[in-house]
Amino acid sequence: MSVRKKLPAALVAGALAATAFAAPAMAGERTGDRTPDRPVDGTGDRHRATRAAVEALVRDGVPGALAQAQDRHGTWNGSAGVADRTTGAPRHPRDRYRVGSITKPFVATVVLQLEAEGRLDLDDTVEHRLPGVVRGNGHDGRRITLRQLLNHTSGVYDVTSDPGFQDKVLGSGFLEHRYDTWAPRHLVDIAMRHAPDFAPGTGWSYSNTNYVLAGLVIEKVTGRPYGQEVERRVLKPLGLRATSVPGTDPRMPAPSGRAYSTLGREPGAPVHDVTELNPSVAWAAGEMVSDSADLQRFLRALLTGRLLPPRQMKELTTTVRVGADAPGVRYGLGVMVRKLSCGEEVWGHGGGIHGSGSDVVATRDGKHSLALNVNGDWAGDTHAVVEAEFCG
């Protein structure tokens, strides 16, 4: 979930970060009572640049940052700053966090599985699957395909760009409305009050509404909540025990730290604890919770064909250009590929939601992956951590 209209920072960089609060930056591996910054698996030197990039996030002001990398040498964990500004508790590799738009690859996977089963087709129109839902102010579900929802070429207006929605949910109104329950149809109806960004298939614009609609399609086709389908088809088969689709539950499962936000204001504004919120505000566009190990296990399984047959893998990885403001980035069906400064290409997705910015990426063969999270949402460059891990 992101409020930015074109390519959100959360999509390219994993998300935001930074606060005036400065904590000691110590980005070392943490396992039990071992001394921080002492390699526990012999991989520390290979991740020196990654450790420095994680530390830099905290020096820039983020309360806490967490990263985990996996490659043929094993698993490396790095952290900096704090999980809790009140107690000073450090971040831990097994911390769970809200992953925002990293929900989208899970949703796209379920849609592609349904296509593989012959229960829908990516060229089906939205109108065929959701009669009368996408109508108004130039929106016409008869002209939009499911594929265009998944790769953001539908032109459907992004609900998170609606000024009233932003004020109530992402700005100062959050503190009053953080526990409100949002029905997915209501989110779509808000988007339908606006004109589309462009005619279907003629452009690219990141829209959370697309994935709210994809979640509704899953429910219409299966007769079950989309979250149950994600759990049944992806989480349980892969053993992703730290990953959940919370629905309307505002609490975070243990272990986890806190999440902090300035509620859309500039750095230096008051910082609020936004850990608890009703995630129905994001629904299938960004409600899920996970940890770094699970995110990498999922992405590796997805990229190596464990979740989809060859035809759907080809659909997943067929990409479109996202625009001049993001050179080297192309978007597939719920996943994107970005070309880094050293020429390496990594696949994955980023996610941002109140007080939490995350990213998970891997090489196309799944042999080298990285997941990271920051627990502040107002500044910072987490893309630098990705660059450091794969190019440093």
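User: What covers the buried residues of α8?

Analyst: In this predicted model, the cover over the buried residues of α8 includes β4, β5, α6 and α9. The helix itself spans residues 184-192, and its buried residues are P184, L187, V188, I190, A191 and M192.

User: What makes V156 count as buried?

Analyst: The relative accessibility of V156 is 1%, and since buried means under 20%, V156 falls in that class. The residue sits in the loop between α5 (146-150) and α6 (163-170). Setting aside neighbours within four places in sequence, V156 is in contact with H139, I144, M192, D197, S207, T209, N210 and L213. M192, one of these partners, is also among the buried residues of α8. The C-alpha atom of V156 is separated by 8.8 Å from that of A199, which is 43 residues apart from V156 along the chain.

User: Why are α3 and α9 called oblique to each other?

Analyst: The axes of α3 and α9 (residues 208-222) cross at roughly 40° and come within 10 Å. An angle under 35 degrees would count as roughly parallel, and one from 65 to 115 as roughly perpendicular, so α3 is oblique to α9. The crossing in which α3 passes α9 is left-handed.

User: Which residues of α3 and α9 meet, and how do they divide by class?

Analyst: From α3 come K104, V107, A108, V110, V111 and L114, and these meet N208, Y211, A214, G215, I218, V221 and T222 of α9. By class, this contact holds nine nonpolar, three polar and one charged residues. Lys counts as charged, so K104 of α3 supplies the one charged residue.

User: Why are α2 and α13 called roughly antiparallel?

Analyst: The axes of α2 (residues 48-59) and α13 (residues 383-391) cross at roughly 170° and come within 7 Å. Angles over 145 degrees count as roughly antiparallel, and the two helices are therefore described in that way. On the α2 side A49, T50, A53, V54 and L57 take part, and they meet A384, V385, A388 and E389 of α13. These residues divide into seven nonpolar, one polar and one charged.

User: How do you know that E115 and R311 form a salt bridge?

Analyst: The closest N and O atoms of E115 and R311 are 3.9 Å apart, and the rule asks for a side-chain nitrogen of Lys or Arg within 4 Å of a carboxyl oxygen of Asp or Glu, so the pair qualifies. This pair links distant parts of the chain, with E115 in α3 (residues 103-116), R311 in α12 (residues 310-316), and their positions 196 residues apart. E115 is buried, at a relative accessible area of 5%. By the 4 Å rule, the count of salt bridges comes to 18.

User: Why are E229 and R224 placed in opposite accessibility classes, buried and partly exposed?

Analyst: E229 has a relative accessibility of 0% and therefore counts as buried, whereas R224, at 32%, counts as partly exposed, since the class in between runs from 20% to 50%. Their side chains meet in a salt bridge with an N to O distance of 2.6 Å. Both residues belong to a network of salt bridges that links E117, R119, R224, E229, R232 and R233.

User: What makes D273 and R258 partly exposed?

Analyst: D273 has a relative accessible area of 30% and R258 one of 32%, and neither is under 20% or over 50%, so both are partly exposed. The two residues form a salt bridge, with the closest N and O atoms 3.0 Å apart. This pair links D273 in β7 (residues 272-273) with R258 in the loop between α10 (226-238) and β6 (260-261), 15 residues apart. The loop between α10 and β6 also holds P255, which is joined to A254 by a cis peptide bond with omega of about -5°.

User: Which of the two, N137 or L263, is buried and which is partly exposed?

Analyst: L263 has a relative accessible area of 4% and is buried, while N137, at 48%, is partly exposed, since only values over 50% count as exposed. Phi of N137 is near 55°, a positive value in a residue other than glycine, and phi of L263 is also near 55°. N137 is found in the loop between β4 (135-136) and β5 (139-140), and L263 lies in the loop between β6 and β7.

Note on methods:
Residues are numbered from 1 along each chain as its sequence is written. This is a predicted model: local features need pLDDT of at least 70, side-chain atom pairs count only at pLDDT 80 or more; totals for chains, interfaces and linings use all residues. Side-chain values use heavy atoms; hydrogens and water are left out. Helices (H or I, at least four residues) and strands (E, at least two) are DSSP runs, numbered from the N terminus. Buried means under 20% relative accessible area, exposed over 50%, partly exposed in between (1.4 Å probe, protein chains only). Axes are lines fitted to C-alpha atoms, for helices over the stretch in contact, and angles run from 0 to 180 degrees between N-to-C directions. A crossing is left-handed if the near helix is turned anticlockwise from the far one by less than a right angle, and right-handed if clockwise. Contact means heavy atoms within 4.5 Å.
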